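Colleague: Before we discuss this model, may I ask you to explain how each term is justified?

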Amino acid sequence: SWLMNNRAEKFDVIFLDPPFDSGLLEKTLDLLVPDWLTDSALVYVETAGEIEKLPLPGGLEWTKRSQIGNVGIGLAAKRVEIE
């Protein structure tokens, strides 16, 4: 709710590790793009289950993903469109 009720400012690094199975991870990722990320932003994510199955919103792409038991971890970067 904080992201929805505050004016966006750009961040370079964001860590997302919400309570597993809360549904907050997907909602938060959707709210971050495009207003809260600088062009060189990185987003660190931890999630229950397979990181491969976590969809990223448009504008983000995985740079690294790994699985440690039942926990998926990943690093996403803001996709910069080349004109």
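**Terms and evidence**

Modeller: Strands β1 and β2 (residues 37–48) run parallel and are joined by five bridges. This is a predicted model, in which local features need pLDDT of at least 70 and side-chain atom pairs count only at pLDDT 80 or more, while totals for chains, interfaces and linings use all residues. Residues are numbered from 1 along each chain as its sequence is written, and side-chain values use heavy atoms, with hydrogens and water left out.

Colleague: What makes β1 and β2 a pair?

Modeller: Strands pair if DSSP finds at least two bridges between them. Five bridges are found here, so β1 and β2 count as paired. Among the matched residues, Phe15 has Tyr44 in β2 as its bridge partner, and Ile14 stands opposite Val43 in β2.

Colleague: What is required before a stretch is called a strand or a helix?

Modeller: Both are DSSP runs, numbered from the N terminus: a strand is a run of E with at least two residues, and a helix a run of H or I with at least four.

Colleague: In what order do the strands of the open sheet lie?

Modeller: The four strands follow the order β1-β2-β4-β3, with mixed pairing. Strands β1 (11–16) and β3 (60–68) each have a single partner strand, so they stand at the edges and one side of each is left without a neighbour in the sheet.

Colleague: Why is the unit of β1, α2 and β2 called right-handed?

Modeller: A crossover receives that name if, with the strands pointing away from the viewer, the path from the first strand over the helix to the second runs clockwise. The β-α-β unit made by β1, α2 and β2 is right-handed. Helix α2 (residues 24–32) lies across β1, β2 and β3, at about 175 degrees to β2. Such angles run from 0 to 180 degrees between N-to-C directions, the axes being lines fitted to C-alpha atoms, for helices over the stretch in contact (heavy atoms within 4.5 Å).

Colleague: How do you know that Lys78 and Asp39 form a salt bridge?

Modeller: The term requires a side-chain nitrogen of Lys or Arg within 4 Å of a carboxyl oxygen of Asp or Glu. The closest N and O atoms of Lys78 and Asp39 are 3.5 Å apart, so the pair qualifies. Lys78 lies in strand β4 (residues 71–78) and Asp39 in strand β2, so the salt bridge ties together parts that are 39 residues apart in sequence.

Colleague: Is Lys78 buried or exposed?

Modeller: Buried means under 20% relative accessible area, exposed over 50%, and partly exposed in between (1.4 Å probe, protein chains only). Lys78 has 17%, so it counts as buried. Its partner Asp39, at 57%, is exposed.

Colleague: How many salt bridges does the structure hold?

Modeller: There are three. One of them joins Glu52 and Arg65 at 3.2 Å, N to O. Glu52 lies in the loop between β2 and β3 and Arg65 in strand β3, so parts 13 residues apart in sequence are tied together. Glu52 is exposed at 53%, whereas Arg65 is partly exposed at 39%. Lys53 and Glu50 also form a salt bridge, with their closest N and O atoms 3.8 Å apart.

Colleague: What joins the side chains of Glu46 and Tyr44?

Modeller: A polar contact of 2.6 Å joins them. The term covers N or O atoms within 3.5 Å; within protein, one must be able to donate a hydrogen and the other to accept it, and residues adjacent in sequence count only if both atoms are side-chain atoms.
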